[in-house]
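Visitor: Could you take me on a close look at one part of this structure? I would like to begin with a single residue and work outwards from there.

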Amino acid sequence: MTDPAHTDRTLQTARTLAGTAAAIYAAFADPARLAQWWGPQGFTNRFETFEFKTGGRWRFVMHGPDGHDYRNECIFAELAADRRIVIQHVSPPRFTLTVSLLPTADGTQVRWVQVFEDPAVAAAVRHVAEPGNEQNLDRLSLHLGAGS
């Protein structure tokens with residue numbers, strides 16, 4: 001799943017979610033829906049720019065449960081409907097997130113691979129980002145279950 005040369009700067013998880021690849025892709029493609037579930041538990045979002053197209057920009061502020069705001073700027077580097085979403089996080093910390101959607105007998109396996117530019121940054125955020133990524137998938141799963 002990951003190039004062994006990048007393991008020191010890669011965070012990854014995979015989970016099978018109930019729902020089709022099309023339903024999961026749609027939860028990413030609609031900014032109103034994405035804002036409902038994006039981020040770790042307790043975070044909310046305010047999207048400023050959302051251009052869901054290859055090369056499109058995504059600027060948003062995540063409001064943390066600690067009262068802090070976290071500005072984010074991304075580019076949708078690749079979009080393959082119902083199969084793959086590649087997001088380049090161009091504001092610090094810089095990374096590329098690849099979300100692959102693989103149909104299974106039980107739903108869709110979501111593979112979440114986050115590759116940081118700098119191994120030191122990956123190491124510094126791993127303790128927060130790994131559980132945060134799991135919480136993000138928890139929230140997506142709940143969103144899908146709610147029929148949104």
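Guide: Happy to. Let us begin with His89, a residue of strand β5, which covers residues 84-89. Please keep in mind that this is a predicted model. His89 counts as buried because its relative accessibility is 6%, and the cut-off for that label is under 20%.

What does the side chain of His89 reach? One of its polar atoms lies 2.7 Å from the backbone oxygen of Ser91. The same side chain also reaches the backbone oxygen of Pro93, at 2.9 Å. Setting aside neighbours within four places in sequence, the contacts of His89 are Asn72, Glu73, Cys74, Arg94 and Phe95.

Pro93 deserves a stop of its own. This proline sits in the loop between β5 and β6, and the peptide bond leading into it from Pro92 is cis, with omega near -5°. Most peptide bonds are trans, and most residues other than glycine have a negative phi. The second part of that remark brings us to another loop, the one between β4 and β5, where Asp82 is found. Phi of Asp82 is near 65°, a positive value in a residue that is not glycine. With a relative accessible area of 32%, Asp82 is partly exposed.

Ser91, whose backbone oxygen we met beside the His89 side chain, also leads us to Arg71. Leaving out neighbours within four places in sequence, Arg71 is in contact with Ser91, as well as with Glu48, Phe60 and Val61. Arg71 belongs to strand β4, residues 69-80, and at 55% relative accessibility it counts as exposed. Its side chain makes a polar contact of 2.8 Å with the side chain of Glu48. For a sense of scale, the C-alpha atoms of Arg71 and Gly132 are 16 Å apart, with their positions 61 residues apart along the chain.

Two contacts of His89, Asn72 and Phe95, take us to the largest pocket. Which residues lie nearest the centre of that pocket? They are Pro40, Met62, Asn72, Phe95 and Gln114, out of a lining of 27 residues. The space in the largest pocket comes to about 650 Å³. At least two lining residues come from each of β3, β4, β5, β6 (95-104), β7 (107-116) and α3 (119-145), and α3 gives the most, with 8. Sorted by class, the lining has 19 nonpolar residues, 7 polar and 1 charged.

Strand β7 is also the place of Val113, a residue that counts as buried at 12% relative accessibility. From C-alpha to C-alpha, Val113 is 8.5 Å from Ser100, though the two are 13 residues apart in sequence.

Phe60, which we met as a contact of Arg71, opens the way to the aromatic rings. Phe60 is part of a cluster linked by ring pairs, whose other members are Tyr25, Phe28, Trp37, Trp38, Phe47, Phe50, Phe52, Trp58, Phe76 and Trp112. The count of aromatic pairs is 17. In the pair of Phe47 and Trp58, the ring centres are 5.5 Å apart and the planes stand at 80°, so the pair is edge-to-face. This pair links distant parts of the chain, 11 residues apart: Phe47 is in strand β2 (residues 44-50) and Trp58 in strand β3 (residues 57-63). Trp58 counts as buried, at 1% relative accessibility.

Notes:
Residues numbered from 1 in each chain as written. Predicted model: local features only at pLDDT ≥ 70, side-chain atom pairs only at ≥ 80, totals over all residues. Heavy atoms only, no water. Helix = DSSP H or I, 4+ residues; strand = E, 2+ residues; numbered from the N terminus. Buried < 20%, exposed > 50% of the residue type's maximum accessible area, 1.4 Å probe, protein only. Polar contact = N/O pair within 3.5 Å; in protein donor to acceptor, adjacent residues only side chain to side chain. Contact = heavy atoms within 4.5 Å. Phe/Tyr/Trp six-rings, centres within 6.5 Å; stacked < 30°, edge-to-face > 60°. 1 Å grid on protein atoms, 1.4 Å probe; cavity = no way out; pocket = protein on both sides within 12 Å on 5 of 7 lines; lining within 4 Å. Points joined across faces, edges and corners; volume = space filled by probe spheres on them. Nonpolar A, V, L, I, M, F, W, Y, C, P; charged D, E, K, R; others polar.
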